[in-house]
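Biologist: Could you walk me through this structure, please? I'm new to this, so keep it simple.

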Amino acid sequence: MTAPHTMFEKIWERHVILTRGESEALIYIDRNIVHEGSFHAFGQLAREGRKVRRPRQTIATADHYVPTAGRGQGLAGVSDPEVRGMIELLEKNAAEHGLLHLGIDDPRQGIVHVVGPELGFTQPGLTLACGDSHTSTHGALGAFAFGIGASQLKQVLATQCLWQKKPRTLRATVDGTLGPGVGGKDVILAIVAEIGTAGATGHVVEYGGAAIRALSIDGRLTVCNMSIEAGARAGMVAPDDTTYAYLAGREYSPKGQDWDLALDHWRTLPSDDGARFDREVRLDGSRLAPMLTWGTSPEEAAAVDTRVPDPARMADPGKRAHAEQALSYMDLKPGMPLTEIRVDRAFIGTCTNGRIEDLRAAAAVLRGRKAVVAGWVSPGSTPIKRQAEAEGLDRIFRDAGLEWRGSGCSGCAAMNGDSVPAGMRCASTSNRNFEGRQGKGARTHLMSPAMVAAAAVTGKITDVRMLLR
Ligand code: SF4
């Protein structure tokens, strides 16, 4: 009888080609997604005279640099020559290597971590790599998915394999039932606040428990997305009927008899009873409140009904020094209620919270209300934009006074120019609140789409549960 295995171990063992030393292995990479930032890797391939080994296993999508305004003109509407050059270079590289390319005006275009699941390109039991740290997102479908650097991307493109150190495993169990106004973003912010930005370093996190199982795939994608903010190599949720219903009928999903065979395999993936994890973390989901970040690290997060922490009360000297610097940058005073923080901007989008359920949650708060601050909504993909428009969500955002934009990374890292002016405070659904992430001097508070909508209509951090009543 074999020892009980975790889901990660099952996937890892099926993909090891050969091992080196105690913990390094050459693993097979089933799927790969590239965006504009892949030009270094394609440049290296060209210099070495190599081609992409398995072009059907890589797709390309334009997301980091695409403008979100004026999209009706396609590439012709991109006035910045540098931005335009990045978008064109991806198209050229994809064409040269025979990759499916979702360009700026492709109806399937979107953010890497949105289009993978949306196309069914991401599937349970697969290994998936991408040159973006939030590749952990795809683990929500039961894949082992992780971010890679430029030289690793070249290796994947050229060989479809990658040397990897075997990560350890951490199980994060969220028990109970989430209350109204509390969702995936609040769960993951609470976990990162609990274990810290280095809490899962070197680990693959498997999320489980009643609160995770009750999440939709959109919610699970949000949770896995921010695994990297706790230092994790990847995040995963075991596939179940919710996963299978989500994948059924998607472009890349298996069809007919292949679907039945895939289901048989997928059902073997969840961790065995008695499987041993290197570390365990447990949270009571029923006690969670809507969360937001007050500082400049994702772990500097707290429940909306609490106060800005006092660094002087922090025992860890490193955390104290970081908090002091964060409060200075964020212009906040220790002890002030979080709900007294005024905001200047609202941003809804990104691979963390730019999916249809995110837009519905924000629209539910904004319906019939007016935003008192400027802001914009950028759907995670063009199909999500179309779906939101079919549901009339775009009208709710526009009527509230927010801009309804095209799909892309937008204000997540502001590479396309969608930045927040210096000194301004943005309620944002993105995943990183580092100094300058949304623009030089910009102050970012991470929170859920419903919480951003609540902040937009009141002009300050607001407990969205008050508006839902
Ligand atoms: S939205 Fe942000 S985290 Fe997601 S792929 Fe784009 S830049 Fe990366």
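**Around the ligand**

Biologist: Which residues come nearest to the ligand?

Modeller: The ligand has 13 residues around it, where near means a C-beta atom, placed from the backbone, within 6 Å. Those that come nearest are H134, T350, C351, C409 and C412.

Biologist: How were the residues numbered, and what kind of model is it?

Modeller: Residues count from 1 along each chain as its sequence is written. This is a predicted model, with pLDDT of at least 70 needed for local features and 80 or more for side-chain atom pairs, while totals for chains, interfaces and linings use all residues.

Biologist: Which domains does the shell around the ligand draw from?

Modeller: Domain bounds come from an automatic or database domain assignment. At least three shell residues come from each of domain 1 (7-164) and domain 2 (298-468).

Biologist: Which helix gives the most to the side of domain 1 that touches domain 2?

Modeller: Contact here means C-beta atoms, placed from the backbone, within 7 Å, and 21 residues of domain 1 are in contact with 19 of domain 2. With 5 residues, the top giver on the domain 1 side is helix 4 (helices are DSSP runs of H or I, at least four residues, and strands are runs of E, at least two, numbered from the N terminus).

Biologist: Which strands stand at the edges of the open sheet?

Modeller: Its 5 strands run in the order 5-4-3-6-7, with parallel pairing (two strands pair if DSSP finds at least two bridges between them). Two of them have a single partner strand each, so one side of each is left without a neighbour in the sheet: strand 5 (100-102) and strand 7 (144-147).

Note on methods:
Two residues are in contact if their C-beta atoms, placed from the backbone, lie within 7 Å.
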